[in-house]
Amino acid sequence: MRKLVTTMAVMLLATTAAFAQTREVIDDAGRTVQIPEKPQRIIAMHEALIALPLIELGFDVIGVYGRADDGASIYDVDFIKSVFGDDPSLQIGGIGPVGDIDLEKLRALKPDLIVGMGRQLAQSEILSAIAPVYLQTTMAGSESGFSIEEQLAKAFGRTAVFDVKRASYLERVEEVRASLPEDPRGKTYLAIIVFDQISAVRDVSGAIQAIRDLGYEPYDWANRVTNEPAKSRGFAVPLSSEEFALLDPDLLVIMNSYMSADHSEGGIRARLDAIAPGWSRFMRAAKEDQIVFLNSAEVATPTIRSALHTLAAFEEWGR
Amino acid sequence: MTRLRYPAIAGTLFIVVAALLANLSFGPSKIDLISVVTALVAFDADDYDHFVVAYQRLPRALIAVFLGAMMACGGAVLQGLTRNPLASPGILGINSGAMLFVIVGAFIFNLPPEWQGVAAIAGGFFGFISCLFVTRMTGMSKDPRGLALILSGAVLSMLYSSVANAIMLASPSRRSDFLSWASGNINHVYVERLIDFWWLGVLGLGVLMMFARPLTLVTLGREKAASAGVDVSRVTWISVCVVVVSVSSAVAICGPIGFVGLVTPHIVRPLVGASFTHALPANALLGAAICLLADLTARTVFAPHVLHTGIMMDLFGGLTFAIIVKRYYLSPGVREASR
């Protein structure tokens with residue numbers, strides 16, 4: 001009997017100790033949050049901006065917006081599959097469609113940490129009743145490339161994992177740069193994404209990180225065709241279809257909408273021809289065939305893997 | 001009034017030409033009128049301004065002209081036949097019915113683009129006939145103010161739009177292709193649809209012009225028209241069918257856009273009178289001018305963002321609708337007369 005009581009007491013203490021392994025952090029919204037030392041079951045409140053960086057850092061993300069219970073995406077684009085491939089271990093459950101959190105589903109997943117974006121401050125109070133909520137800045141305009149992943153690695157103690165991946169990525173950057181016909185350093189680039197209009201891609205994505213690490217410099221489109229700053233909220237900003245062909249970057253990087261089924265060069269060209277007729281006849285980069293086509297679903301997330309997909313596309317283009 | 005007719009039509013024609021030239025000249029980049037005219041008469045493939053005029057601005061302008069003419073003439077005929085100042089393709093279920101059938105055809109039956117236009121026309125008929133049916137069900141079809149017709153149309157329009165939106169929401173993989181169209185968007189990308197359907201509208205306007213005199217007599221009074229030898233029901237039904245076909249073909253091109261069909265006849269009527277011989281050309285011209293100006297506003301106010309023309313129209317349409325309701329339904333004279 002005494003043995004039993006002792007065992008139970010030890011088990012209870014162990015369990016309590018496990019729960020007690022928390023630490024206090026200040027999140028990007030300035031809130032003080034008690035988070036688990038080693039989060040085991042994370043819910044991400046945005047697939048592309050939060051879930052993918054966490055997955056790449058090796059965290060067990062158990063739920064995100066926009067997925068069915070069996071882990072299948074209910075939206076046009078499946079970023080997890082596009083970026084990481086068809087990995088059965090990445091069957092992540094859903095917590096309702098975007099903008100409509102299913103609190104019951106969320107609670108049933110028993111998370112020990114919820115990671116949201118700064119703009120989800122209003123929801124964080126409700127979510128805090130289920131698990132601690134950490135808010136990561138994603139759209140303040142201060143982020144670029146895969147800096148969101150780097151910040152998450154720092155916040156959750158995975159800096160070593162991030163550094164190893166980045167070191168390997170930087171080796172690949174050198175390799176790809178050497179394979180290009182010309183040294184890209186100092187040349188300008190303009191990255192666009194074609195929705196039902198043409199939009200210039202801003203800073204937050206693995207694609208932009210890779211392009212800049214290769215040595216390309218951003219073409220100053222902001223002062224040419226829009227009153228919106230290049231460095232600001234959001235993934236992309238619309239450009240005038242009339243003025244698009246007048247822009248003069250050394251390199252044009254084009255991707256189709258991630259909701260599009262066709263990411264082929266022919267498909268993207270046809271779409272762009274319809275929106276901005278004459279672009280390929282007048283734009284210098286087009287005339288000199290300095291165009292790289294990317295699959296936006298693979299490269300638009302702020303992850304090292306997206307940057308690697310971008311490097312692969314550049315390597316292919318350089319051949 | 002007669003003295004005013006031809007100057008009014010000439011004035012409207014002038015406004016259309018001015019709106020067209022403004023549409024071709026103003027935009028994110030300003031292109032001077034000489035370049036605009038040169039682009040139209042002596043296109044130079046090495047001049048980028050010519051490309052912008054010929055391949056971006058002109059297609060948009062032509063779509064706006066077509067849409068405005070179809071909607072305004074449709075509104076004028078419907079207001080005349082129903083004798084209701086609020087009648088318009090948008091209110092009587094034609095626009096939303098056409099939209100619903102296009103969405104159902106594309107999303108559920110996977111129809112190719114050319115058949116989506118046929119679906120739009122079928123949907124336009126469905127929307128209008130269901131509106132008449134519901135009005136009859138209410139037992140108020142003889143109401144002289146036609147209030148039941150308007151209410152039925154408004155309710156059904158909302159219903160059809162909701163169903164269409166629900167179908168789009170339930171099919172995320174196709175949604176992005178139609179989201180812009182469904183909110184009423186004049187876009188040069190849609191010029192291929194204009195090439196497919198322009199002849200339907202032009203043919204429709206031709207038929208309406210041929211029917212202008214009997215149509216005028218019918219709108220002045222059915223007995224009067226019958227005593228003048230007009231086959232009232234034949235004229236009514238052919239005119240309605242032509243309106244549904246031409247309006248639906250406009251919806252097939254750039255989605256459901258309201259307001260023009262409602263308000264243009266109200267501006268035209270005091271200028272040229274009730275005779276459709278003059279009202280139809282005047283409506284076609286003024287409707288075109290309104291759409292051209294709305295498109296110009298949509299392209300330039302928030303440039304480089306391009307607003308959907310349907311959104312611009314709805315902004316003005318809501319206000320205009322309220323003014324017309326107040327004028328025709330809430331004025332003391334009308335209330336007294338309807339007791």
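Let me begin with one residue, B:W198, which counts as partly exposed because its relative accessibility is 43%. I should say straight away that what we are looking at is a predicted model, and I will keep to what can be computed from it. B:W198 sits in helix α8 of chain B, the helix that covers residues 191-210. Together with B:W199, B:V202 and B:L203, this tryptophan makes a nonpolar surface patch of about 440 Å².

Staying with chain B for a moment, let me turn to the cysteines. For anyone who would like the reminder, a disulfide is a covalent bond that links the sulfur atoms of two cysteines. How many disulfides are there over all chains? The count comes to zero, and two cysteines of chain B can serve as examples. For B:C241, the closest cysteine sulfur is the one in B:C131, and since the two sulfurs are 15 Å apart, where the cut-off for a disulfide is 2.5 Å, they are too far from each other for a bond. B:C291 is likewise in no disulfide, the nearest cysteine sulfur being that of B:C254, at 7.7 Å. Is each of these two cysteines buried or exposed? B:C241 is partly exposed, with a relative accessible area of 31%, whereas B:C291 has a relative accessible area of 0% and is therefore buried.

Now let me move over to chain A and begin with its overall make-up. Its secondary structure comes to 14 helices and 13 strands, and of the 319 residues in the chain, 50% are buried. The accessible surface of chain A is about 14,300 Å², and carbon and sulfur atoms account for 52% of that area. As for contacts, if we take those in chain A between residues at least 6 apart in sequence, we find that 68% of them join residues at least 24 apart.

Within chain A there is one sheet that I would like to walk through, and it is an open sheet of five strands, paired in parallel and arranged in the order β5-β4-β3-β6-β7. Which strands of this sheet are at the edges? They are β5, residues 93-94, and β7, residues 133-136, each of which pairs on one side only. Further in, strand β3, which covers residues 42-44, runs parallel to strand β4, residues 61-64, and three bridges join the two. If you would like one position to look for in the structure, take A:I43, which stands opposite A:G63 in β4 of chain A.

Technical notes: Residues numbered from 1 in each chain as written. Chains lettered and ligands numbered in written order. Predicted model: local features only at pLDDT ≥ 70, side-chain atom pairs only at ≥ 80, totals over all residues. Heavy atoms only, no water. Patch = residues over 30% accessible without salt bridge, like charges linked within 9 Å, V, L, I, M, F, W, Y side chains within 5 Å. Areas by Shrake-Rupley, 256 points an atom, 1.4 Å probe, with all protein chains shown as cover. Salt bridge = Lys/Arg side-chain N within 4 Å of Asp/Glu carboxyl O. Helix = DSSP H or I, 4+ residues; strand = E, 2+ residues; numbered from the N terminus. Buried < 20%, exposed > 50% of the residue type's maximum accessible area, 1.4 Å probe, protein only. Pairing = 2+ DSSP bridges. Contact = heavy atoms within 4.5 Å.
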